[in-house]
Amino acid sequence: MELTTNPENKQVGDLSFPARKVWLKTYGCQMNYHDSERILAHLSELNFTPTDDQNDADLLLFNTCAIRDLANQKFYSHLGETKKFKDVKIGVSGCIAQTDSKELLKKYKHLNFAFGTDAVDNVKEMVYRAYAGEDKFAVTSWDKTGDYSIETKITHGSPQAFVNIIKGCDKFCSYCIVPFTRGREKSRRLQEVVDDVTKLVQHSGIQEVTLLGQNVNSYGKDNGESLAQLITELEKISGLQLIRYTTSHPYDVSDELIAVHGTSKKLSNHLHLPIQSGSNTVLQRMLREYTVEHYLGLVEKLRKSNPNIVISSDIIAGFPNETQEEHQATLDLLKQARFDFIYSYAFSSRPGTKAARMNDILDDEVRGQRLRQIQAQQIEIQAEVRQEMVGKTYRVLVEEKTAFKNEEKWKARTNCNRIVHFQTSAGENLQWNWVDVKVVSATALSCQAEFITSYGRFLN
Ligand code: SAH
Ligand code: SF4
Ligand code: F3S
(Lines give C-alpha, C1' and ligand atoms only; values in the text may rest on other atoms or scores of the structure.)
(Ligands and ions follow the chains in the order given, each with its own letter.)
Protein backbone atom coordinates (compact mmCIF):
# COMPACT_ATOMS: atom_id res chain seq x y z
CA MET A 1 0.00 0.00 0.00
CA GLU A 2 1.47 3.38 -1.01
CA LEU A 3 1.07 6.21 1.46
CA THR A 4 1.16 9.87 0.50
CA THR A 5 1.12 12.02 3.56
CA ASN A 6 -0.06 15.55 4.08
CA PRO A 7 -1.08 17.05 7.42
CA GLU A 8 -4.83 16.72 6.82
CA ASN A 9 -5.29 13.62 4.74
CA LYS A 10 -3.54 10.43 3.85
CA GLN A 11 -4.18 9.11 0.41
CA VAL A 12 -4.15 5.31 0.32
CA GLY A 13 -4.98 3.65 -2.98
CA ASP A 14 -8.29 5.17 -4.09
CA LEU A 15 -9.27 6.41 -0.65
CA SER A 16 -8.47 9.51 1.28
CA PHE A 17 -8.05 9.09 5.03
CA PRO A 18 -8.70 12.26 7.03
CA ALA A 19 -7.68 12.40 10.71
CA ARG A 20 -9.89 9.90 12.56
CA LYS A 21 -10.14 8.40 16.04
CA VAL A 22 -9.98 4.73 16.98
CA TRP A 23 -11.26 3.28 20.25
CA LEU A 24 -9.71 -0.09 21.00
CA LYS A 25 -10.68 -2.39 23.85
CA THR A 26 -8.32 -5.24 24.72
CA TYR A 27 -9.08 -8.40 26.69
CA GLY A 28 -6.77 -11.23 27.74
CA CYS A 29 -3.05 -11.77 27.99
CA GLN A 30 0.03 -9.66 27.37
CA MET A 31 0.25 -11.12 23.90
CA ASN A 32 -3.12 -9.64 23.08
CA TYR A 33 -2.21 -6.29 24.66
CA HIS A 34 0.90 -6.28 22.51
CA ASP A 35 -1.17 -7.11 19.43
CA SER A 36 -3.24 -4.05 20.26
CA GLU A 37 -0.08 -1.92 20.31
CA ARG A 38 0.71 -3.30 16.88
CA ILE A 39 -2.81 -2.53 15.62
CA LEU A 40 -2.55 1.08 16.79
CA ALA A 41 0.89 1.48 15.22
CA HIS A 42 -0.47 0.22 11.87
CA LEU A 43 -3.55 2.40 12.08
CA SER A 44 -1.53 5.55 12.73
CA GLU A 45 -0.38 5.06 9.12
CA LEU A 46 -4.05 5.47 8.10
CA ASN A 47 -4.31 8.70 10.11
CA PHE A 48 -6.01 7.18 13.16
CA THR A 49 -5.16 8.34 16.66
CA PRO A 50 -6.39 6.50 19.74
CA THR A 51 -9.18 7.76 21.98
CA ASP A 52 -10.56 6.47 25.30
CA ASP A 53 -13.99 7.88 24.52
CA GLN A 54 -16.31 5.69 22.44
CA ASN A 55 -18.47 8.74 21.64
CA ASP A 56 -15.49 10.42 20.05
CA ALA A 57 -14.49 7.45 17.90
CA ASP A 58 -14.88 6.79 14.17
CA LEU A 59 -13.71 3.21 14.48
CA LEU A 60 -14.45 0.82 17.36
CA LEU A 61 -12.25 -2.26 17.72
CA PHE A 62 -12.42 -5.16 20.16
CA ASN A 63 -9.32 -7.33 20.54
CA THR A 64 -10.81 -10.38 22.20
CA CYS A 65 -9.83 -13.27 24.48
CA ALA A 66 -11.39 -16.75 24.54
CA ILE A 67 -9.50 -18.31 27.44
CA ARG A 68 -12.45 -18.60 29.83
CA ASP A 69 -16.16 -18.19 29.39
CA LEU A 70 -16.22 -15.05 31.54
CA ALA A 71 -13.88 -13.20 29.16
CA ASN A 72 -16.16 -14.14 26.26
CA GLN A 73 -19.33 -13.01 28.04
CA LYS A 74 -17.83 -9.63 28.92
CA PHE A 75 -16.94 -9.02 25.31
CA TYR A 76 -20.37 -10.06 23.98
CA SER A 77 -22.11 -7.62 26.28
CA HIS A 78 -19.71 -4.78 25.38
CA LEU A 79 -20.18 -5.48 21.69
CA GLY A 80 -23.97 -5.54 22.14
CA GLU A 81 -23.86 -2.09 23.76
CA THR A 82 -22.18 -0.55 20.70
CA LYS A 83 -25.33 -1.01 18.63
CA LYS A 84 -26.33 2.54 19.55
CA PHE A 85 -23.39 4.09 17.69
CA LYS A 86 -24.17 5.28 14.18
CA ASP A 87 -21.67 6.38 11.53
CA VAL A 88 -18.90 4.26 12.96
CA LYS A 89 -17.13 1.17 11.72
CA ILE A 90 -16.90 -1.71 14.15
CA GLY A 91 -14.37 -4.54 13.98
CA VAL A 92 -13.43 -7.52 16.13
CA SER A 93 -10.01 -9.15 16.28
CA GLY A 94 -8.16 -11.58 18.54
CA CYS A 95 -8.87 -15.05 19.83
CA ILE A 96 -12.68 -15.10 19.62
CA ALA A 97 -12.55 -13.66 16.12
CA GLN A 98 -10.09 -16.36 15.05
CA THR A 99 -12.55 -19.17 15.73
CA ASP A 100 -15.99 -17.51 15.72
CA SER A 101 -15.91 -14.72 13.10
CA LYS A 102 -18.76 -16.06 10.98
CA GLU A 103 -21.11 -16.51 13.95
CA LEU A 104 -20.22 -13.04 15.29
CA LEU A 105 -20.92 -11.34 11.97
CA LYS A 106 -24.22 -13.17 11.67
CA LYS A 107 -25.37 -12.50 15.21
CA TYR A 108 -24.28 -8.85 15.58
CA LYS A 109 -25.78 -6.98 12.65
CA HIS A 110 -23.89 -3.78 13.48
CA LEU A 111 -20.49 -5.52 13.32
CA ASN A 112 -18.68 -4.65 10.08
CA PHE A 113 -15.65 -6.95 10.01
CA ALA A 114 -13.63 -9.50 11.95
CA PHE A 115 -10.05 -10.70 11.74
CA GLY A 116 -8.05 -13.38 13.49
CA THR A 117 -4.85 -13.36 15.53
CA ASP A 118 -2.56 -13.83 12.55
CA ALA A 119 -4.08 -10.97 10.59
CA VAL A 120 -3.09 -8.26 13.07
CA ASP A 121 -0.36 -7.01 10.75
CA ASN A 122 -2.93 -6.73 7.93
CA VAL A 123 -5.26 -4.48 9.90
CA LYS A 124 -4.72 -1.55 7.51
CA GLU A 125 -6.08 -3.68 4.67
CA MET A 126 -9.13 -4.60 6.77
CA VAL A 127 -9.88 -0.98 7.68
CA TYR A 128 -9.30 0.11 4.11
CA ARG A 129 -11.83 -2.44 2.88
CA ALA A 130 -14.36 -1.30 5.49
CA TYR A 131 -13.99 2.35 4.46
CA ALA A 132 -14.17 1.33 0.80
CA GLY A 133 -17.69 0.11 1.59
CA GLU A 134 -17.15 -3.60 2.03
CA ASP A 135 -19.17 -5.04 4.88
CA LYS A 136 -19.46 -8.26 6.87
CA PHE A 137 -16.10 -9.74 5.94
CA ALA A 138 -13.73 -11.91 7.94
CA VAL A 139 -10.04 -12.76 7.58
CA THR A 140 -8.92 -15.71 9.68
CA SER A 141 -6.23 -17.36 7.54
CA TRP A 142 -2.84 -18.17 9.04
CA ASP A 143 -0.07 -15.85 7.94
CA LYS A 144 2.96 -17.51 6.37
CA THR A 145 5.14 -14.43 5.94
CA GLY A 146 5.78 -13.48 9.57
CA ASP A 147 6.33 -9.79 8.98
CA TYR A 148 7.28 -8.18 12.29
CA SER A 149 8.49 -4.86 10.89
CA ILE A 150 5.92 -2.95 12.99
CA GLU A 151 7.65 -3.95 16.27
CA THR A 152 10.10 -1.06 16.15
CA LYS A 153 7.48 1.48 15.05
CA ILE A 154 5.28 1.14 18.12
CA THR A 155 5.06 4.29 20.22
CA HIS A 156 5.84 3.26 23.77
CA GLY A 157 5.92 6.46 25.83
CA SER A 158 7.85 4.48 28.42
CA PRO A 159 11.18 2.64 28.65
CA GLN A 160 9.33 -0.70 28.64
CA ALA A 161 8.63 -2.66 25.45
CA PHE A 162 7.12 -6.01 24.56
CA VAL A 163 8.60 -7.93 21.65
CA ASN A 164 7.00 -10.98 20.12
CA ILE A 165 9.50 -13.80 19.62
CA ILE A 166 7.27 -16.83 19.03
CA LYS A 167 3.67 -17.21 17.91
CA GLY A 168 1.23 -20.00 18.64
CA CYS A 169 1.29 -23.08 20.82
CA ASP A 170 1.78 -26.75 19.95
CA LYS A 171 1.10 -28.14 23.41
CA PHE A 172 -2.65 -28.76 23.25
CA CYS A 173 -3.23 -28.97 27.01
CA SER A 174 -6.62 -30.64 27.27
CA TYR A 175 -8.44 -27.59 28.74
CA CYS A 176 -6.94 -24.86 26.58
CA ILE A 177 -8.29 -22.98 23.58
CA VAL A 178 -5.03 -21.20 22.71
CA PRO A 179 -3.67 -23.73 20.16
CA PHE A 180 -6.94 -23.21 18.24
CA THR A 181 -6.90 -19.42 18.47
CA ARG A 182 -3.17 -18.82 17.94
CA GLY A 183 -2.21 -21.67 15.63
CA ARG A 184 1.07 -23.58 15.45
CA GLU A 185 4.32 -22.44 17.02
CA LYS A 186 6.51 -20.30 14.83
CA SER A 187 9.66 -18.65 16.12
CA ARG A 188 11.28 -15.52 14.79
CA ARG A 189 14.97 -15.74 13.90
CA LEU A 190 17.33 -14.79 16.70
CA GLN A 191 19.23 -12.13 14.76
CA GLU A 192 15.98 -10.42 13.74
CA VAL A 193 14.90 -10.14 17.39
CA VAL A 194 18.34 -8.85 18.42
CA ASP A 195 18.17 -6.22 15.65
CA ASP A 196 14.69 -5.11 16.76
CA VAL A 197 15.66 -4.81 20.41
CA THR A 198 18.86 -2.93 19.47
CA LYS A 199 16.75 -0.44 17.48
CA LEU A 200 14.27 -0.05 20.33
CA VAL A 201 17.11 0.68 22.76
CA GLN A 202 18.98 3.05 20.46
CA HIS A 203 16.06 4.94 18.91
CA SER A 204 13.12 4.65 21.33
CA GLY A 205 14.87 4.83 24.71
CA ILE A 206 13.73 1.33 25.66
CA GLN A 207 15.56 -0.10 28.69
CA GLU A 208 13.37 -3.03 29.66
CA VAL A 209 12.16 -5.62 27.18
CA THR A 210 9.65 -8.45 27.72
CA LEU A 211 9.98 -11.30 25.23
CA LEU A 212 6.54 -12.63 24.45
CA GLY A 213 5.05 -15.93 23.42
CA GLN A 214 2.32 -18.31 24.58
CA ASN A 215 5.01 -20.90 25.06
CA VAL A 216 8.03 -18.65 25.03
CA ASN A 217 10.65 -21.10 26.23
CA SER A 218 10.11 -23.41 23.29
CA TYR A 219 11.46 -20.49 21.24
CA GLY A 220 13.87 -21.39 18.43
CA LYS A 221 13.15 -25.11 18.21
CA ASP A 222 12.19 -24.80 14.54
CA ASN A 223 15.49 -23.03 13.72
CA GLY A 224 18.06 -24.71 15.97
CA GLU A 225 18.08 -21.63 18.21
CA SER A 226 16.99 -21.23 21.84
CA LEU A 227 15.71 -18.75 24.40
CA ALA A 228 18.93 -19.13 26.40
CA GLN A 229 20.95 -18.15 23.32
CA LEU A 230 18.67 -15.23 22.61
CA ILE A 231 18.99 -13.88 26.16
CA THR A 232 22.78 -14.25 25.99
CA GLU A 233 22.84 -12.18 22.79
CA LEU A 234 20.39 -9.53 24.04
CA GLU A 235 22.48 -9.14 27.16
CA LYS A 236 25.24 -7.61 24.99
CA ILE A 237 23.09 -4.65 23.92
CA SER A 238 24.49 -1.60 25.62
CA GLY A 239 21.77 0.51 27.28
CA LEU A 240 19.37 -2.40 27.75
CA GLN A 241 18.90 -2.87 31.50
CA LEU A 242 16.35 -5.61 32.02
CA ILE A 243 15.09 -8.64 30.10
CA ARG A 244 11.86 -10.46 31.00
CA TYR A 245 10.06 -13.27 29.23
CA THR A 246 6.59 -14.75 29.52
CA THR A 247 4.92 -17.30 29.54
CA SER A 248 6.88 -20.49 30.06
CA HIS A 249 5.89 -24.13 30.07
CA PRO A 250 7.70 -26.36 32.62
CA TYR A 251 8.37 -28.99 29.93
CA ASP A 252 10.61 -26.61 28.00
CA VAL A 253 12.76 -25.27 30.84
CA SER A 254 16.20 -26.48 29.67
CA ASP A 255 19.34 -26.78 31.79
CA GLU A 256 20.87 -24.16 29.52
CA LEU A 257 18.05 -21.75 30.41
CA ILE A 258 18.39 -22.50 34.13
CA ALA A 259 22.12 -21.74 33.85
CA VAL A 260 21.39 -18.39 32.15
CA HIS A 261 19.19 -17.45 35.12
CA GLY A 262 22.35 -17.74 37.21
CA THR A 263 24.83 -16.02 34.91
CA SER A 264 22.85 -13.26 33.19
CA LYS A 265 23.27 -9.76 34.59
CA LYS A 266 20.20 -8.42 32.77
CA LEU A 267 17.67 -11.22 33.05
CA SER A 268 14.89 -10.47 35.54
CA ASN A 269 14.90 -12.33 38.85
CA HIS A 270 11.26 -13.24 38.21
CA LEU A 271 10.02 -16.32 36.40
CA HIS A 272 6.35 -17.08 35.76
CA LEU A 273 6.10 -20.86 35.51
CA PRO A 274 2.50 -22.16 35.50
CA ILE A 275 2.05 -25.55 37.19
CA GLN A 276 -1.81 -25.70 36.92
CA SER A 277 -2.25 -28.47 39.52
CA GLY A 278 -0.38 -30.16 42.37
CA SER A 279 -1.77 -33.59 41.47
CA ASN A 280 0.00 -35.88 39.02
CA THR A 281 -3.24 -37.56 37.95
CA VAL A 282 -4.81 -34.19 37.16
CA LEU A 283 -1.65 -33.08 35.32
CA GLN A 284 -1.97 -36.24 33.26
CA ARG A 285 -5.58 -35.49 32.39
CA MET A 286 -4.52 -31.95 31.54
CA LEU A 287 -1.88 -33.39 29.15
CA ARG A 288 0.77 -31.19 30.77
CA GLU A 289 3.68 -33.60 30.09
CA TYR A 290 5.40 -33.22 33.48
CA THR A 291 4.95 -34.40 37.05
CA VAL A 292 4.83 -32.42 40.28
CA GLU A 293 8.23 -33.90 41.18
CA HIS A 294 9.72 -32.69 37.91
CA TYR A 295 8.28 -29.23 38.50
CA LEU A 296 9.62 -29.00 42.05
CA GLY A 297 12.98 -30.24 40.76
CA LEU A 298 13.03 -27.34 38.30
CA VAL A 299 12.19 -24.87 41.07
CA GLU A 300 15.04 -26.22 43.15
CA LYS A 301 17.51 -26.01 40.27
CA LEU A 302 16.38 -22.48 39.42
CA ARG A 303 16.74 -21.36 43.04
CA LYS A 304 20.21 -22.90 43.18
CA SER A 305 21.20 -21.22 39.93
CA ASN A 306 19.88 -17.83 41.06
CA PRO A 307 19.24 -17.60 44.82
CA ASN A 308 17.32 -14.33 44.27
CA ILE A 309 14.84 -15.83 41.82
CA VAL A 310 11.16 -15.25 42.49
CA ILE A 311 8.72 -17.75 40.98
CA SER A 312 5.02 -17.27 40.30
CA SER A 313 2.48 -19.64 38.81
CA ASP A 314 -1.00 -20.37 37.44
CA ILE A 315 -3.47 -22.80 39.00
CA ILE A 316 -6.75 -24.17 37.65
CA ALA A 317 -9.26 -25.12 40.36
CA GLY A 318 -11.77 -27.90 39.78
CA PHE A 319 -10.46 -29.54 36.62
CA PRO A 320 -13.08 -32.09 35.40
CA ASN A 321 -13.62 -34.88 37.92
CA GLU A 322 -10.94 -33.56 40.30
CA THR A 323 -11.30 -35.47 43.57
CA GLN A 324 -10.96 -33.92 47.02
CA GLU A 325 -7.56 -35.64 47.33
CA GLU A 326 -6.39 -34.22 44.03
CA HIS A 327 -7.51 -30.76 45.13
CA GLN A 328 -5.73 -31.21 48.46
CA ALA A 329 -2.54 -32.06 46.55
CA THR A 330 -2.68 -28.59 44.99
CA LEU A 331 -3.07 -26.96 48.41
CA ASP A 332 -0.05 -28.98 49.58
CA LEU A 333 1.94 -28.02 46.51
CA LEU A 334 1.41 -24.33 47.26
CA LYS A 335 3.03 -24.84 50.66
CA GLN A 336 5.97 -26.64 49.11
CA ALA A 337 6.59 -24.32 46.17
CA ARG A 338 6.09 -21.04 48.08
CA PHE A 339 5.18 -19.00 45.02
CA ASP A 340 5.53 -15.24 45.05
CA PHE A 341 2.02 -14.97 43.60
CA ILE A 342 -0.38 -17.04 41.54
CA TYR A 343 -3.09 -16.42 39.01
CA SER A 344 -5.84 -18.88 39.82
CA TYR A 345 -8.99 -19.69 37.91
CA ALA A 346 -11.94 -22.03 38.16
CA PHE A 347 -11.91 -24.45 35.24
CA SER A 348 -13.95 -23.17 32.33
CA SER A 349 -15.07 -25.57 29.64
CA ARG A 350 -13.89 -24.41 26.20
CA PRO A 351 -15.72 -25.76 23.15
CA GLY A 352 -13.54 -27.94 20.94
CA THR A 353 -11.01 -28.87 23.63
CA LYS A 354 -10.54 -32.41 24.96
CA ALA A 355 -11.55 -31.41 28.50
CA ALA A 356 -14.87 -30.09 27.20
CA ARG A 357 -15.69 -33.64 26.10
CA MET A 358 -14.95 -35.18 29.51
CA ASN A 359 -17.94 -36.51 31.38
CA ASP A 360 -17.53 -34.07 34.26
CA ILE A 361 -19.22 -34.48 37.64
CA LEU A 362 -18.12 -31.21 39.29
CA ASP A 363 -20.41 -28.20 39.50
CA ASP A 364 -19.73 -24.46 39.66
CA GLU A 365 -20.19 -24.37 43.40
CA VAL A 366 -17.43 -26.92 44.04
CA ARG A 367 -15.15 -25.15 41.60
CA GLY A 368 -15.76 -21.80 43.30
CA GLN A 369 -15.18 -23.27 46.75
CA ARG A 370 -11.90 -24.92 45.70
CA LEU A 371 -10.77 -21.73 44.02
CA ARG A 372 -11.38 -19.76 47.22
CA GLN A 373 -9.44 -22.34 49.25
CA ILE A 374 -6.52 -22.14 46.85
CA GLN A 375 -6.53 -18.36 47.00
CA ALA A 376 -6.71 -18.31 50.81
CA GLN A 377 -3.83 -20.77 51.06
CA GLN A 378 -1.70 -18.73 48.68
CA ILE A 379 -2.41 -15.45 50.52
CA GLU A 380 -1.15 -17.03 53.72
CA ILE A 381 2.08 -18.17 52.05
CA GLN A 382 2.43 -14.94 50.13
CA ALA A 383 2.30 -12.89 53.33
CA GLU A 384 5.25 -14.89 54.66
CA VAL A 385 7.19 -14.74 51.41
CA ARG A 386 6.68 -10.98 51.06
CA GLN A 387 7.67 -10.38 54.70
CA GLU A 388 11.17 -11.41 53.67
CA MET A 389 11.39 -8.14 51.68
CA VAL A 390 11.24 -5.94 54.79
CA GLY A 391 14.50 -4.11 55.54
CA LYS A 392 15.94 -4.86 52.08
CA THR A 393 16.91 -2.27 49.48
CA TYR A 394 15.65 -2.62 45.91
CA ARG A 395 16.46 -0.76 42.71
CA VAL A 396 13.10 -0.13 41.08
CA LEU A 397 11.72 1.49 37.94
CA VAL A 398 9.04 4.05 38.81
CA GLU A 399 5.96 3.56 36.64
CA GLU A 400 3.32 6.05 37.76
CA LYS A 401 1.76 8.05 40.56
CA THR A 402 -1.22 6.30 42.12
CA ALA A 403 -3.74 6.99 44.83
CA PHE A 404 -2.97 4.46 47.53
CA LYS A 405 -5.42 4.48 50.47
CA ASN A 406 -6.18 8.16 49.75
CA GLU A 407 -2.51 9.07 49.62
CA GLU A 408 -0.58 9.88 46.47
CA LYS A 409 2.26 7.44 46.12
CA TRP A 410 4.71 6.41 43.45
CA LYS A 411 4.19 2.92 42.14
CA ALA A 412 7.38 1.15 41.11
CA ARG A 413 8.40 -2.31 39.97
CA THR A 414 11.34 -4.33 41.24
CA ASN A 415 13.58 -6.36 39.00
CA CYS A 416 11.74 -9.42 40.36
CA ASN A 417 8.41 -7.93 39.25
CA ARG A 418 6.97 -6.94 42.61
CA ILE A 419 5.12 -3.67 43.01
CA VAL A 420 6.28 -1.27 45.75
CA HIS A 421 4.75 2.06 46.78
CA PHE A 422 6.65 5.00 48.20
CA GLN A 423 6.40 8.75 48.76
CA THR A 424 8.87 11.58 48.40
CA SER A 425 8.73 14.88 50.21
CA ALA A 426 9.89 16.92 47.22
CA GLY A 427 7.44 17.39 44.36
CA GLU A 428 9.77 16.14 41.64
CA ASN A 429 8.49 13.94 38.84
CA LEU A 430 10.03 10.51 39.25
CA GLN A 431 8.08 8.72 36.52
CA TRP A 432 10.37 6.31 34.61
CA ASN A 433 13.29 7.07 36.93
CA TRP A 434 15.38 4.32 38.44
CA VAL A 435 15.41 4.74 42.19
CA ASP A 436 16.61 2.87 45.25
CA VAL A 437 14.01 2.22 47.94
CA LYS A 438 14.09 0.38 51.24
CA VAL A 439 11.06 -1.76 52.07
CA VAL A 440 9.51 -0.85 55.43
CA SER A 441 6.43 -3.06 55.44
CA ALA A 442 4.97 -5.82 53.33
CA THR A 443 1.76 -7.81 53.31
CA ALA A 444 0.59 -10.44 50.84
CA LEU A 445 -0.87 -7.77 48.58
CA SER A 446 1.07 -4.56 49.13
CA CYS A 447 4.55 -3.37 49.85
CA GLN A 448 5.51 0.03 51.29
CA ALA A 449 8.98 1.48 50.92
CA GLU A 450 11.12 4.52 51.78
CA PHE A 451 12.76 6.52 49.06
CA ILE A 452 16.56 6.47 49.20
CA THR A 453 17.92 7.98 45.99
CA SER A 454 17.14 8.52 42.33
CA TYR A 455 19.47 7.75 39.41
CA GLY A 456 17.35 9.59 36.85
CA ARG A 457 15.87 8.08 33.69
CA PHE A 458 18.92 6.23 32.45
CA LEU A 459 21.22 3.99 34.41
CA ASN A 460 24.90 4.04 33.45
N1 SAH B 1 0.86 -20.74 27.87
C2 SAH B 1 0.66 -20.58 29.23
C3 SAH B 1 -0.74 -20.21 29.65
C4 SAH B 1 -1.60 -19.38 28.80
S5 SAH B 1 -3.26 -19.24 29.30
C6 SAH B 1 1.00 -21.89 29.94
O7 SAH B 1 0.98 -22.94 29.37
O8 SAH B 1 1.25 -21.85 31.11
C9 SAH B 1 -3.11 -18.54 30.91
C10 SAH B 1 -3.70 -19.39 31.98
O11 SAH B 1 -5.10 -19.49 31.85
C12 SAH B 1 -3.24 -20.81 32.04
O13 SAH B 1 -1.99 -20.95 32.63
C14 SAH B 1 -4.33 -21.49 32.81
O15 SAH B 1 -4.05 -21.45 34.19
C16 SAH B 1 -5.55 -20.63 32.51
N17 SAH B 1 -6.48 -21.35 31.67
C18 SAH B 1 -6.32 -21.74 30.39
N19 SAH B 1 -7.41 -22.40 29.96
C20 SAH B 1 -8.28 -22.43 30.99
C21 SAH B 1 -9.58 -22.98 31.15
N22 SAH B 1 -10.19 -23.64 30.19
N23 SAH B 1 -10.20 -22.82 32.36
C24 SAH B 1 -9.58 -22.16 33.36
N25 SAH B 1 -8.35 -21.62 33.24
C26 SAH B 1 -7.70 -21.76 32.07
FE1 SF4 C 1 -2.63 -23.40 26.56
FE2 SF4 C 1 -1.06 -25.37 27.33
FE3 SF4 C 1 -0.40 -23.90 25.21
FE4 SF4 C 1 -0.27 -22.86 27.65
S5 SF4 C 1 0.96 -24.54 26.86
S6 SF4 C 1 -1.15 -21.91 25.83
S7 SF4 C 1 -2.00 -23.80 28.67
S8 SF4 C 1 -2.16 -25.27 25.38
FE1 F3S D 1 -6.88 -15.01 25.73
FE2 F3S D 1 -5.97 -15.50 23.35
FE3 F3S D 1 -4.34 -14.60 25.22
S4 F3S D 1 -7.42 -16.72 24.44
S5 F3S D 1 -5.22 -15.43 27.08
S6 F3S D 1 -6.03 -13.50 24.36
S7 F3S D 1 -3.85 -16.04 23.64
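How many nonpolar, polar and charged residues are in the shell around ligand 2? Keep that in mind while you get set up; we'll come to it at the second ligand stop.

**Before you click**

You're looking at a predicted model, where local features need pLDDT of at least 70, side-chain atom pairs count only at pLDDT 80 or more, and totals for chains, interfaces and linings use all residues. Residues are numbered from 1 along each chain as its sequence is written, chains are lettered from A and ligands numbered from 1 in the order in which they are written, and side-chain values use heavy atoms, with hydrogens and water left out.

**Stop 1: color by domain**

Paint 10-139 as domain 1, 160-386 as domain 2 and 390-454 as domain 3. These bounds come from an automatic or database domain assignment.

**Stop 2: ligand 1**

Select ligand 1 and show what is near it, meaning residues with a heavy atom within 4 Å. You should get 16 residues, the closest being Q214, P274, Q276, D314 and S348. Now look for polar contacts, which are pairs of N or O atoms within 3.5 Å; within protein, one must be able to donate a hydrogen and the other to accept it, and residues adjacent in sequence count only if both atoms are side-chain atoms. A ligand nitrogen sits 2.6 Å from a polar backbone atom of Q214, and a nitrogen of ligand 1 is 3.0 Å from a polar backbone atom of Y175. On the oxygen side, an oxygen atom of ligand 1 lies 3.2 Å from a side-chain N or O atom of R288.

While you're here, click Q276: its phi is near 80°, a positive value in a residue other than glycine. Most residues other than glycine have a negative phi, and most peptide bonds are trans. Q276 is in the loop between β15 (270-272) and α9 (280-285); helices (H or I, at least four residues) and strands (E, at least two) are DSSP runs, numbered from the N terminus.

**Stop 3: ligand 2**

Select C169, K171, F172, C173, Y175, C176, V178, P179, Q214, H249 and R288 to see what surrounds ligand 2. Back to the opening question: this shell has seven nonpolar, two polar and two charged residues. For the classes, Ala, Val, Leu, Ile, Met, Phe, Trp, Tyr, Cys and Pro count as nonpolar, Asp, Glu, Lys and Arg as charged, and the others, Gly among them, as polar.

**Stop 4: ligand 3**

Next, pick C29, N32, C65, A66, I67, C95, R182 and Q214, the residues around ligand 3. Their split is five nonpolar, two polar and one charged.

**Stop 5: where domain 2 meets domain 3**

Zoom out to these two domains, whose C-alpha centres lie 27 Å apart. Here 17 residues of domain 2 are in contact (heavy atoms within 4.5 Å) with 15 residues of domain 3. The buried area, meaning the accessible area (1.4 Å probe) that two parts lose on being put together, summed over both, is about 1300 Å², with 50% from carbon and sulfur atoms. Highlight Q160, R244 and R386: in domain 2 they lose the most area to domain 3, together 39% of what that side buries.

Now find R418 and D340, which form a salt bridge with their closest N and O atoms 2.7 Å apart. The rule for one is a side-chain nitrogen of Lys or Arg within 4 Å of a carboxyl oxygen of Asp or Glu. Try α12 (364-387) and β14 (242-246) too, since each supplies at least two residues of the domain 2 side. The top contributor on that side is α12, with five residues.

**Last stop: T247**

Follow β14 onward to T247, in the loop between β14 and α8 (255-263). The peptide bond from T246 to T247 is cis, with omega near 0°.
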